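Colleague: Shall we go through this model together? I would like to start with its charged pairs and then turn to what lies inside.

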Amino acid sequence: MARRGGPRDSPVARQILLLQVLVVVVLVVSAVALAAVDARRDVREDSRGQALAVAESMADSPTVRAAVLGSDPSATLQPYAEEVRADTDTDFVVVMDLDRTRFTHPDPDRIGEAFIGDLGTAPGGRPFTQEYAGTLGPSVRAVVPVMADDGNERVVALVSVGITLDRIQQQLLEDLPSIGLAALGALVVGLAGAWLISRRLRRQTHGMGEREITRMYEYYRAVLHAVREGLVLLDEQGRVQLVNDEARRLLGLPDDVVGRRFDDLGLPPAMVEAARGRVAESDHLYVLRDQVLVISSAPAYWGGAEVGAVVTVRDRTELQSVTGELDLVRGLTASLRAQNHEAANRLHTVVGLIELGRHEEAVDFATEELAVAQALADEVVGAVEEPALAALLLGKTAQAAEQGIELRLAGSVGADVAVSSRELVTVVGNLLDNAFDAVAESDRRQVRLRLEDHGAGLLLAVDDSGPGVPPQDAERVLERGWSTKAVEGRGLGLALVGQVARRHGGTIAVDSSDLGGARFTVTLGAASGSSSDVPSGSPAASS
């Protein structure tokens with residue numbers, strides 16, 4: 001998403017690689033410097049300890065103790081001191097009198113001269129160490145007292161052993177290659193790790209720069225929360241990665257939904273299966289709580305690999321309600337058209353009888369047909385005072401007659417029912433449509449509707465002679481969000497019926513009918529009773 005006409009951002013992976021390389025180099029250089037300083041300190045401490053140990057050994061030697069009290073100490077001590085100096089790899093071993101007069105020295109010409117440097121606490125009987133620049137240059141030296149053998153703890157001479165700083169520096173230089181190799185190894189491992197991290201990061205960020213990622217995040221967030229459709233983005237494991245406000249509202253998602261698995265959110269199984277499917281699914285209807293939702297989903301790909309899925313959710317509650325009413329109107333229109341054809345046929349019959357001169361038979365035929373139609377209308381209107389429901393039942397009666405279905409009505413409904421006309425038409429219309437569909441392939445086509453008006457509520461029971469609902473599907477057919485494809489077209493209609501029932505504190509149940517098929521019982525409001533009380537006869541109207 002780089003801006004047109006402007007330079008492309010440096011990829012985040014490259015920037016992090018450079019930063020990691022810089023950090024690794026700084027750390028390695030700092031570690032080398034600290035190691036060098038530490039090695040230098042260790043070498044000096046080792047040299048100081050070595051000089052002190054050699055001086056103490058010399059001071060405790062019986063040869064030295066005896067020689068310093070003799071008439072010519074240098075004759076005995078000079079070769080002995082040089083031998084010790086060579087064996088211990090030190091730079092000087094000096095034995096001196098208490099007045100600093102040297103008995104020994106690496107340069108024989110300096111024997112008899114005064115010792116240069118501090119003696120510290122050595123004349124008082126305690127060893128002393130220091131760094132000092134003497135005749136051989138700067139050195140680390142130790143001065144140790146030589147005690148007499150007479151047991152009086154008397155200092156009779158002093159021994160000084162030193163190692164020059166040049167020798168110490170040379171020893172440090174010999175240790176630096178191993179430090180350098182260790183540093184080089186650490187640098188190679190650090191750079192290799194930085195490159196691997198950068199490679200993985202480049203693959204995950206698709207080579208984008210930080211401004212591109214920022215703009216993409218800001219734009220996507222703005223778009224997600226601005227659109228009127230609900231949007232849910234899932235990763236390849238089915239976890240929610242992004243969700244907008246509309247999707248939260250429609251699906252009833254919690255605030256902590258991001259990062260949770262889509263199938264752990266309490267949504268209908270069919271909806272979850274469609275959302276996580278490997279193929280695109282378009283405009284599937286589901287009922288969730290009091291809403292009719294249109295769900296579409298499609299897998300998302302990047303670079304040929306699947307990276308998740310995109311789920312869109314639209315609210316179709318109002319549209320579905322209007323569509324249901326339109327379907328009912330269309331059904332009534334079809335019924336009226338069928339009645340129109342039937343009336344035309346009967347009129348032709350009457351005209352034909354008149355033309356044949358059989359006037360009395362024509363009058364009898366017309367009177368009989370009129371009486372049957374009027375009786376049917378009177379029975380329906382007498383039993384159902386609610387106008388919209390009465391009109392629906394007249395239309396359904398005509399529709400049943402046209403399809404060869406025996407429709408029986410029982411019970412009655414007053415004009416002042418506790419349910420709105422629209423909801424009542426939705427419930428009865430969908431139940432009868434499901435029943436008509438169920439008996440369409442049956443040899444015996446019977447449907448029975450019973451209405452009970454309890455003042456504060458209604459009880460409706462619809463029986464059919466169809467194949468019925470298998471026991472294992474009895475719970476699923478009433479499940480929220482059961483797809484229209486689930487049980488031969490019954491899912492959405494029954495879900496809408498259940499929606500109305502729950503809205504009025506009622507219930508919907510399914511069991512077996514004495515007609516051989518299924519019985520759907522719906523209570524609306526404070527209705528009570530059981531569909532098992534539905535009689536097999538006593539129709540208010542039949543076709």
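**Charged pairs, surface and cores**

Modeller: Happy to! Arg261 counts as partly exposed because its relative accessibility is 32%, where buried means under 20% relative accessible area, exposed over 50% and partly exposed in between, with a 1.4 Å probe and protein chains only. The model is predicted, so local features need pLDDT of at least 70 and side-chain atom pairs count only at pLDDT 80 or more, while totals for chains, interfaces and linings use all residues. Residues are numbered from 1 along each chain as its sequence is written, and side-chain values use heavy atoms, with hydrogens and water left out.

Colleague: Which residue meets Arg261 in a salt bridge?

Modeller: A salt bridge here is a side-chain nitrogen of Lys or Arg within 4 Å of a carboxyl oxygen of Asp or Glu. For Arg261 the N to O distance is 3.4 Å. The partner is partly exposed, at 36% relative accessibility, and its name is Asp263.

Colleague: Which residues are joined into one network by salt bridges that share partners?

Modeller: One of the pairs to look at is Asp107 with Arg110, whose closest N and O atoms are 3.8 Å apart. Asp107 is partly exposed at 29% relative accessibility, and Arg110 is partly exposed at 30%. Through shared partners, the network takes in Arg102, Asp107, Arg110 and Glu113.

Colleague: How far apart are the closest N and O atoms of Glu246 and Arg249?

Modeller: These two residues are separated by about one helical turn because they are three residues apart in helix H6 (residues 245-251); helices are DSSP runs of H or I with at least four residues, strands are E runs of at least two, and both are numbered from the N terminus. Arg249 is partly exposed, at 45% relative accessibility. In their salt bridge, the closest N and O atoms are separated by 2.6 Å.

Colleague: Is Val29 buried or exposed?

Modeller: Val29 lies in helix H1 (residues 12-60). Its relative accessibility is 52%, so Val29 counts as exposed.

Colleague: Which element gives the largest share of the largest nonpolar core?

Modeller: A nonpolar core is a set of buried Ala, Val, Leu, Ile, Met, Phe, Trp, Tyr and Cys residues joined through side-chain atoms within 4.5 Å. The largest one has 38 residues, and Leu389, Leu393, Val447 and Leu524 have the most contacts inside it. Among the elements giving two or more residues to this core are helix H10 (387-403) and strand E14 (518-525). The largest share, nine residues, comes from H11.
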